[in-house]
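Colleague: I'd like a close look at one part of this model rather than a tour of everything. Here is what I'm looking at.

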Amino acid sequence: MHPAPSVILFSVCSGLGFGLLAMLGLGLPNVTGWSAFGYFFLGYGFAVGGLLASVTHLANPKNAIKSFSQWRSSWLSREGICAVAALLIIAPYAIGRIFFGVSMPLLGVLGSVLALATVFTTSMIYTQLKTVPRWNSNLTPVLFLGYAVTGGLLLAAPGFVPGILLLGMGLLQWFAWQQGDAAFEEAGSDIGTATGLGNIGSVKQFEPPHHGENYLLKEMAYQIGRKHAQKLRMIGLILGLALPALLMILAGTSAVVTLLAVASYLVGLFAIRWLFFAEARHVMGLYYDK
Amino acid sequence: MTTLPTSTDKKLGLVIDLDTCVGCQACVVNCKEWNTSNYGAPLSDTDAYGANPSGTFLNRVHSYEVTPDEGAAQLVHFPKSCLHCEDAPCVTVCPTGASYKREEDGIVLVNETDCMGCGLCAWACPYGARELDALAGVMKKCTLCVDRIYNENLPEEDRVPACVRTCPSGARHFGDLNDPQSAVSQLVAERGGIDLMAEQGTKPTNKYLPPRIKDGGCGLPDLKPVATEPTGFMAWLDNALEKL
């Protein structure tokens, strides 16, 4: 699948932003006044920044407002609703903490649940697609939620707990890659079932329907990523998870260490999210023998 | 609403005969011609006369080589367009309500005034039947020529999809696959029509008729070259030219 920068930026930043907002809603850290302003600014900045990046992915954004209408069937619609609801519910909670020094725990918990629901709905957009076997796995929502909570904790409560969580995410991600590598074959589609000609013999492409690029090939038969996949996986695991984990466990929680850990986490997560798209094969590619 | 109808009165669709398709691309051209000038935004081309031409098509013809365990390989031309699935995943994923499946005839359509061009429906389709138009920014797909099949301004013989109307080898058939008595249903029953990628669970309406079993040729040995070295006049000419 084509690793569109807008979607990668969206899912990484919004994931982190909503993760942090979820922690803040639970009173982590228990701050008020200017300090609270800083935390909420960061949370809203990442969440809204990511959402704005996702809008640039649309080819016809003037109809984006209509995407709130189909929540009965569409995960993308549900995501939009959850995102707006989370941002609206957390706003009065944030105002209370920043300007009045009061906490409204009920509102905070509700906002927290909605923030995590937003991340879950994002993950379901990918998980629901049977056409991309690597994504069509229970691990996809677990990973998305795991990264959001871990990133949120890293910002909200740096220390031993996010350190251990980061290590856990490393193991989970490694396991997901192993499972994902076998997913396409296990799904059972090949050029024979795609064309229905597999009953006669072995099938290969003789001639494509067009010799140039087209939307289908650009969007769903992206192949560049597979070449450097192993190296990028290592970069993702080391920068995104191992290094921040070690910093959190061994180097204390000073502002410099936390900043370093978060920066490293973000760089690594961009690599991991890029691979999430670039390594994913769509069954449509079978028609082009790809 | 992007929820699917529980059932449709008719199941209009195509039956494509892989035995008789000759891969002439006439259906591709006529589809493009009709659909670029009628329903919705035109099917744009970019760099049409340049080095990297690209464009939106609703119907494309692939060609495959199939090699059986025994016997000669065969070439199969393979037209592919939207299969108007009963359980269409492209419809339910649509966030804006632009994609829908009609209750009366099962045709899957895009209401372009609602489409925001997110492309998720194209991701959800296993068949590559939806293409986002590069200029209009909206999703394009086969409409089963909904603006032809019910169009009383056209002569009756033209009230079929453009691809069916133009096919010179009779490889494309149009009709109601919900009616077991219809010509298309009879054809599917007779020839063992199949679903593409049935394991995806989309329950496509369009069916494909597999190529007929070949009878093993005419029983004569393959042709061999009649002469490797020229003889007679040709040998003299060959020598004479060699010496020049």
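In what sense do strand 4 and strand 5 of chain B pair, and over how many bridges? Take that pair as your starting point and work outwards from there.

Modeller: Sure, with the reminder that this is a predicted model. Strand 4 and strand 5 of chain B pair in the antiparallel sense, over eight bridges. The two make a hairpin with six residues between them, and in that turn B:Gly71 has a positive phi of about 95°. If you want to check the register, B:Glu65 stands opposite B:Leu75 of strand 5, and B:Tyr64 stands opposite B:Val76. As a general point, side chains in a regular strand alternate between the two faces of the sheet. Strand 5 of chain B is mostly covered, with six of its eight residues buried.

The hairpin is part of an open sheet of three strands, and the third one comes from the other chain: the order is 1(A)-4(B)-5(B), with antiparallel pairing. The edges are strand 1 of chain A and strand 5 (74-81) of chain B, each of which pairs on one side only. On average, neighbouring strands in this sheet are turned by 40° against each other, direction ignored. Helix 1 of chain B, residues 26-36, packs on the sheet and touches strand 4 and strand 5 of chain B. The direction of that helix makes about 165° with that of strand 4 of chain B.

Now for the link across the chains. Strand 1 of chain A and strand 4 of chain B (residues 59-67) run antiparallel and are joined by five bridges. One pairing to look up is A:Val203, whose bridge partner in strand 4 of chain B is B:Val66.

That strand pairing belongs to a wider interface, in which 50 residues of chain A are in contact with 51 residues of chain B. On the chain A side, the elements that give two or more residues are helix 3 (75-99), helix 7 (191-195), strand 1 (202-207) and helix 8 (215-220). Strand 1 of chain A gives the most, with six residues. By class, the chain A side divides into 20 nonpolar, 23 polar and seven charged residues.

Moving further into chain A, you'll find it divided into domain 1 (1-128) and domain 2 (156-290). Their C-alpha centres lie 24 Å apart. Where the domains meet, eleven residues of domain 1 are in contact with 16 residues of domain 2. The domain 1 side of that contact has nine nonpolar residues, two polar and no charged ones.

Nonpolar side chains in soluble globular proteins tend to be buried together. Here the largest nonpolar core has 150 residues, and the members touching the most others are A:Leu21, A:Ala86 and B:Cys121. Helix 1 of chain A (residues 5-25) gives the most to this core, with twelve residues. The core also draws at least three residues from each of the two domains of chain A. Leaving out residues up to four places away in sequence, A:Leu21 touches A:Gly43, A:Ala47, A:Ala86, A:Ile90, A:Gly111 and A:Ala115.

Back in chain B there's another sheet to set beside the one you asked about. This one is open too, with three strands in the order 10-1-11 and mixed pairing. Its edge strands are strand 10 (172-176) and strand 11 (207-209) of chain B, and its neighbouring strands are turned by 25° on average, direction ignored. Strand 1 of chain B (residues 12-17) pairs with strand 11 in the parallel sense over three bridges, and B:Ile16 has B:Tyr208 as its bridge partner there. Helix 6 of chain B (residues 183-191) lies across strand 1, strand 10 and strand 11, at about 120° to strand 10.

Last, some backbone spots to check. Most residues other than glycine have a negative phi, and most peptide bonds are trans. B:Met197 is not a glycine, yet has a positive phi of about 45°; this residue is in the loop between helix 6 and strand 11 of chain B. B:Met197 counts as buried because 24 other C-beta atoms lie within 10 Å. B:Cys145 also has a positive phi, about 50°, and sits in the loop between strand 9 (139-141) and helix 4 (146-149) of chain B. In chain A, a cis peptide bond joins A:Leu28 and A:Pro29, with omega about -10°.

Note on methods. Residues numbered from 1 in each chain as written. Chains lettered and ligands numbered in written order. Predicted model: local features only at pLDDT ≥ 70, side-chain atom pairs only at ≥ 80, totals over all residues. Contact = placed C-beta atoms within 7 Å. Helix = DSSP H or I, 4+ residues; strand = E, 2+ residues; numbered from the N terminus. Nonpolar A, V, L, I, M, F, W, Y, C, P; charged D, E, K, R; others polar. Pairing = 2+ DSSP bridges. Core = buried A, V, L, I, M, F, W, Y, C linked by C-beta atoms within 7 Å. Buried ≥ 20, exposed ≤ 12 C-beta atoms within 10 Å, placed from the backbone. Domains from an automatic or database assignment. Axes fitted to C-alpha atoms, helices over the stretch in contact; angles between N-to-C directions.
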